[in-house]
Amino acid sequence: MKAPATWGAKLGAWGAIALLWSVHVLPLGVQAWLGRGLGALLWQVGRPRRRVALRNLALCFPTWTPAQRVAVAREHFAWLGRSILERGLLWFAPVPRLQRLIHVEGDVGLAARSERPVMWLVPHFLALDVAGSAAQIFQDKRFGSIYQAQSNPVFDAAVKQGRLRFDKVELFARNEGARGLMRAIRQGKPFFNLPDMDFGARDAAFVPFFGVPAATLLAPSRMARALNMVVQPVIAHILPGGQGYRVQFMEPWADFPTDDPEADTRRMNAWIEAQILLNPSQYLWVHKRFKTRPEGEAGLY
């Protein structure tokens, strides 16, 4: 059980939320400049996460030189700073402004037309929350998503309020199991699924991620097969300066799922790898993707 947040932590969270609210009215180009400055600061003071990012890049790109990995990691922190500061836009900006800033490509309306429920497969790029907003303001179908509670109750409430503000999504707590989510999918609601974090070995398989065995949930394949779902991959990116964001609703996968969940999971990881290679600095490298190891194998961090 986590210790309750102190009053200092709560006040700090309120201060951060007030900052996001204050900044969100600025032109996006100004926010981008400030966000990259925040990222540079985080690079200097966030030594533990900097170390995680560099370790992940060393594991995934062993042929890169140390200088190449540092350059990508520093750029990653610049995008990370933007993703944090620009969260205020998603939480507070009027819908017309977001519609101008978020550039949607592909078939965003598939879920509303499909006779089968749709799983949006959304890996952890830094514009992940932009994809969630796009799914609410560019199509009309209500959908479900799994929510990981934040340790700070003030920030937790702000995150949930920000994600629920468009009244299109139902959040299901990860620690409460999948029963409610499964019921929603059976009712025809799409599922906004984040498939690429390390949640331990339970219900997971160690499949390659850039050649390194990574504990990866088998749930996307199993759920899609059990509920006869269409799987549509979605990728979101932050664009330079004040250009906004790009969210791509891609073509649904053919021949997915199969009767082999592990093979499906390998395919999913290979697809995520290909997307990362197109924009390596915007993937979430500060997450300990390889924290869980096969039995008997030493830790990598």
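So, helix H8 gives the largest share of the lining of the largest cavity, 3 residues. Keep in mind that we're looking at a predicted model here. H8 covers residues 128-137, and helices H4 (66-85) and H5 (87-92) also put two or more residues each into that lining. If you want to find the spot on screen, click on Arg82, Glu86, Leu128 or Tyr245, which are among the lining residues. By class, the lining splits into 7 nonpolar, 1 polar and 4 charged residues. The volume of this cavity is about 90 Å³.

How many cavities of 30 Å³ or more does the structure hold? There are 3. The second largest comes out at about 70 Å³. Its lining includes Asn56, His124, Phe209, Tyr283 and Trp285, and the class count there is 7 nonpolar, 3 polar and 2 charged.

Hang on to Phe209 and Trp285, they come back right now. Both are on the list of residues with the most contacts inside the largest nonpolar core, along with Trp120, Met223, Val247 and Ile276. That core has 87 residues. Let's pick Ile276 and ask: which residues is it in contact with, leaving aside neighbours within four places in sequence? You get Phe61, Phe125, Phe209, Phe210, Tyr283 and Trp285.

Okay, pockets. The second largest pocket has a volume of about 640 Å³. It's lined by 23 residues, and the ones nearest its centre are Ile146, Arg174, Asp203, Leu217 and Ala219. Which element supplies the largest share of that lining? That's H11, with 4 residues. H11 runs over 219-226, and strand E4 (169-173), helix H10 (179-186) and strand E5 (191-193) each supply at least two lining residues as well. As for classes, count 17 nonpolar, 2 polar and 4 charged.

Last stop, a pair of helices. When two helices pack, people describe them by the angle between their axes and the distance between the axes. Here, take H1, residues 7-23, and H9, residues 153-164: their axes come within 8 Å and cross at roughly 35°. On the H1 side you have Lys10, Ala13, Trp14 and Ile17, and they meet Pro153, Val154, Phe155 and Ala158 from H9. Sorted by class, that contact has 7 nonpolar residues, no polar ones and 1 charged.

Okay, that's my tour. Questions?

How values were computed: Residues numbered from 1 in each chain as written. Predicted model: local features only at pLDDT ≥ 70, side-chain atom pairs only at ≥ 80, totals over all residues. Heavy atoms only, no water. Core = buried A, V, L, I, M, F, W, Y, C linked by side-chain atoms within 4.5 Å. Buried < 20%, exposed > 50% of the residue type's maximum accessible area, 1.4 Å probe, protein only. Contact = heavy atoms within 4.5 Å. Axes fitted to C-alpha atoms, helices over the stretch in contact; angles between N-to-C directions. Nonpolar A, V, L, I, M, F, W, Y, C, P; charged D, E, K, R; others polar. 1 Å grid on protein atoms, 1.4 Å probe; cavity = no way out; pocket = protein on both sides within 12 Å on 5 of 7 lines; lining within 4 Å. Points joined across faces, edges and corners; volume = space filled by probe spheres on them.
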